[in-house]
Amino acid sequence: MSIEKNIQTVKDFFAAIGSSDSEALLGLVAEDIEWIIPGKDWPLAGTHRGHAGLAKLLETASKSIETSTQPREFVAQGDRVLVVGFAKGKIKATNKTFEDDWIFAITVRDGRLTNIREYVDTQALARAAQMGASGPA
């Protein structure tokens with residue numbers, strides 16, 4: 001696929017996330033998708049594999065976090081698309097807010113996302129997820 005088509009596929013993926021369209025989302029990812037979210041001490045961290053892993057990740061996200069994600073820049077070469085963006089939100093269990101500049105490194109093959117690796121502010125997210133600490137992150 002062309003670089004332009006790969007970028008459009010990734011834009012469609014973010015649009016599906018933004019509209020909570022899980023059917024469209026699953027149509028854009030490979031059966032063996034691998035989504036790696038670094039860190040610990042916050043609900044979404046870990047490696048999520050396949051459609052079942054993605055569905056579980058989305059369910060966990062909807063139960064544990066409120067977020068507004070804004071992809072701002074798309075840079076592509078070959079089958080890789082880097083997305084630079086910003087998110088702000090709140091961890092529901094602690095009611096603490098966070099702000100997060102992030103980069104997603106995404107691999108697109110045959111029109112579907114096969115791998116997502118997030119580079120996020122894990123400290124901000126872990127602070128917001130910690131029980132008992134005071135104030136927003």
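Let's start with Asn-95, which counts as exposed, at 51% relative accessibility. The cut-off for exposed is over 50%, so Asn-95 with its 51% falls on the exposed side. Please keep in mind that this is a predicted model. You'll find Asn-95 in the loop between S4 and S5. Now look at its backbone: phi of Asn-95 is near 65°, a positive value in a residue other than glycine. Why point that out? Because most residues other than glycine have a negative phi.

Asn-95 has company here. Ser-20 is not a glycine either, and its phi is positive too, at about 55°. Where does Ser-20 sit? In the loop between H1 and H2. Ser-20 is exposed as well, with a relative accessible area of 65%.

Let's step back to the whole chain. The protein has four helices and six strands. Reading from the N terminus, the order is α-α-β-β-α-β-β-β-β-α. The radius of gyration is 15 Å, close to the 14 Å that the globule rule gives for 137 residues, so the protein is as compact as a globular protein of that length. If you turn the C-alpha trace along its principal axes, it spans about 50 × 30 × 25 Å. And among contacts between residues at least 6 apart in sequence, 48% join residues at least 24 apart.

How much of the protein is buried? Of its 137 residues, 41% count as buried. On the outside, the protein exposes about 7,500 Å², with carbon and sulfur atoms supplying 49% of that area. There are 16 positive and 18 negative side chains, and the centres of those two sets are 5 Å apart.

Now for the inside. In soluble globular proteins, nonpolar side chains tend to be buried together. Here, the largest nonpolar core has 32 residues, and Phe-13 and Ile-106 touch the most other members. Several elements each give at least two residues to this core, including helix H1 (3-18), helix H3 (50-64) and strand S5 (96-109). Which residues does Ile-106 contact, setting aside neighbours within four places in sequence? Among them are Val-10, Phe-14, Val-81, Val-83, Leu-113 and Ile-116, along with Asp-79, Arg-80 and Asn-115.

One last residue before we finish: Thr-9, in helix H1. Is Thr-9 buried or exposed? Buried means under 20% relative accessible area, and Thr-9 has 9%, so it is buried. Leaving out neighbours within four places in sequence, Thr-9 contacts Met-1, Leu-28, Val-108, Gly-111 and Leu-113. Leu-113 is also one of the contacts of Ile-106.

Conventions: Residues numbered from 1 in each chain as written. Predicted model: local features only at pLDDT ≥ 70, side-chain atom pairs only at ≥ 80, totals over all residues. Heavy atoms only, no water. Core = buried A, V, L, I, M, F, W, Y, C linked by side-chain atoms within 4.5 Å. Buried < 20%, exposed > 50% of the residue type's maximum accessible area, 1.4 Å probe, protein only. Contact = heavy atoms within 4.5 Å. Rg over C-alpha atoms; globule rule 2.2 N^0.38 Å. Areas by Shrake-Rupley, 256 points an atom, 1.4 Å probe, with all protein chains shown as cover. Lys, Arg positive; Asp, Glu negative; His and termini not counted. Charge placed at Lys NZ, Arg CZ, Asp CG, Glu CD.
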